[in-house]
Amino acid sequence: MTEADKALTFLDFDDPEGGLIAYSVSKGHMPDDAADEIWRRFDNASAEGKKLIIYCEMRSLPRMDAGIIMEKFKRLGSILSTLDRFAIVGDQGWLDVYSKMVDPITRFEVRSFATDQEAIARAWVQGKA
């Protein structure tokens, strides 16, 4: 699989040492191991008692293998306790609905941003807004 075929790619401002997971999701294939780096970061942050921030550009929904979905469900407790902020960037209407439903019931803050607000979303996750 070439880099262009990947449905999940890390962005240039992704900062593993700073606790920022910045990635883009697009159409294509997302195999079971596509999120291994994300899971590793959650495991490390959880073990160290640190919080993570996610910036996700949701370009479109990829084809996902079932294993990646099951892995997310297995890690749900760690995700909920380790996240501090979660920015979702995309123009799909359901993203705004999702963020408004999830934000009040989680310990972390969730916000959705339109694609023309990418700079605002980046500033928010980096604590500059």
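**Second largest pocket**

I started with the second largest pocket, which holds about 230 Å³ of space. Worth noting right away that this is a predicted model. I pulled up the lining and got Pro16, Glu17, Gly18, Gly19, Arg40, Arg41, Asn44, Ala45, Glu48, Lys50, Lys51 and Leu52. Which element gives the largest share of that lining? H1 does, with five residues. By character, I get six charged residues, three polar and three nonpolar. As a reminder to myself, a probe the size of a water molecule, rolled over the atoms, shows where empty space is left.

**Charged pairs around the pocket**

With that many charges in the lining, I went on to salt bridges. The general idea is that side chains of opposite charge can pair when their charged atoms come close. I find nine salt bridges in the structure.

Two lining residues, Glu48 and Lys50, pair with each other, and their closest N and O atoms are 3.3 Å apart. Lys50 is partly exposed, at a relative accessible area of 48%. Next I checked for shared partners: Asp14, Glu37, Arg40 and Arg41 are joined into one network of salt bridges. Arg40 and Arg41 from that network also appear in the pocket lining.

**Inside helix H1**

I then looked at Glu37 and Arg40 on their own. Their closest N and O atoms sit 2.5 Å apart in a salt bridge. Both are in helix H1, residues 36-48, and the spacing is three residues, about one turn of the helix. Buried or exposed? I checked Glu37 and Arg40. Glu37 counts as partly exposed at 25% relative accessibility, and Arg40 is partly exposed too, with 39%.

**From H1 to the H2-H3 loop**

Which residue does Asp43 pair with? The partner is Arg75, with the closest N and O atoms 2.5 Å apart. Asp43 lies in helix H1, while Arg75 is in the loop between helix H2 (66-74) and helix H3 (76-82), so this salt bridge ties together parts that are 32 residues apart in sequence. I looked up accessibility for both ends. Asp43 is partly exposed, with a relative accessible area of 38%. Arg75 comes out at 19%, and the limit for buried is under 20%, so Arg75 counts as buried.

**Helix H5**

Then I moved to the C-terminal end of the element list, which closes on a helix. In helix H5 (residues 118-125), I noted Ala121, Ala123, Trp124 and Val125 as buried. What do the buried residues of H5 pack against? I get four strands listed there: E2 (20-25), E4 (52-58), E6 (83-89) and E7 (109-113). Just past H5, I spotted Gly127 with a positive phi of about 70 degrees.

**Whole chain**

Last, I zoomed out. I count five helices and seven strands in the chain. Read from the N terminus, the order is β-β-β-α-β-β-α-α-β-α-β-α. The chain has 129 residues, and 40% of them count as buried. The exposed area is about 7,400 Å², with carbon and sulfur atoms supplying 54% of it.

How are the contacts spread along the sequence? Taking contacts between residues at least 6 apart in sequence, I find that 70% join residues at least 24 apart. The Asp43 and Arg75 salt bridge, with its parts 32 residues apart in sequence, is one link I had already written down.

Conventions. Residues are numbered from 1 along each chain as its sequence is written. This is a predicted model: local features need pLDDT of at least 70, side-chain atom pairs count only at pLDDT 80 or more; totals for chains, interfaces and linings use all residues. Side-chain values use heavy atoms; hydrogens and water are left out. Helices (H or I, at least four residues) and strands (E, at least two) are DSSP runs, numbered from the N terminus. Buried means under 20% relative accessible area, exposed over 50%, partly exposed in between (1.4 Å probe, protein chains only). Contact means heavy atoms within 4.5 Å. Accessible areas come from the Shrake-Rupley method with a 1.4 Å probe; for residues, only the protein chains shown count as cover. A salt bridge is a side-chain nitrogen of Lys or Arg within 4 Å of a carboxyl oxygen of Asp or Glu. On a 1 Å grid over the protein atoms alone, a cavity is a set of points where a 1.4 Å probe fits but cannot get out, and a pocket is an open set with protein on both sides within 12 Å along at least five of seven lines; lining residues have an atom within 4 Å of a point. Grid points are joined across faces, edges and corners, and a volume is the space filled by probe spheres set on the points. Ala, Val, Leu, Ile, Met, Phe, Trp, Tyr, Cys and Pro count as nonpolar, Asp, Glu, Lys and Arg as charged, and the others, Gly among them, as polar.
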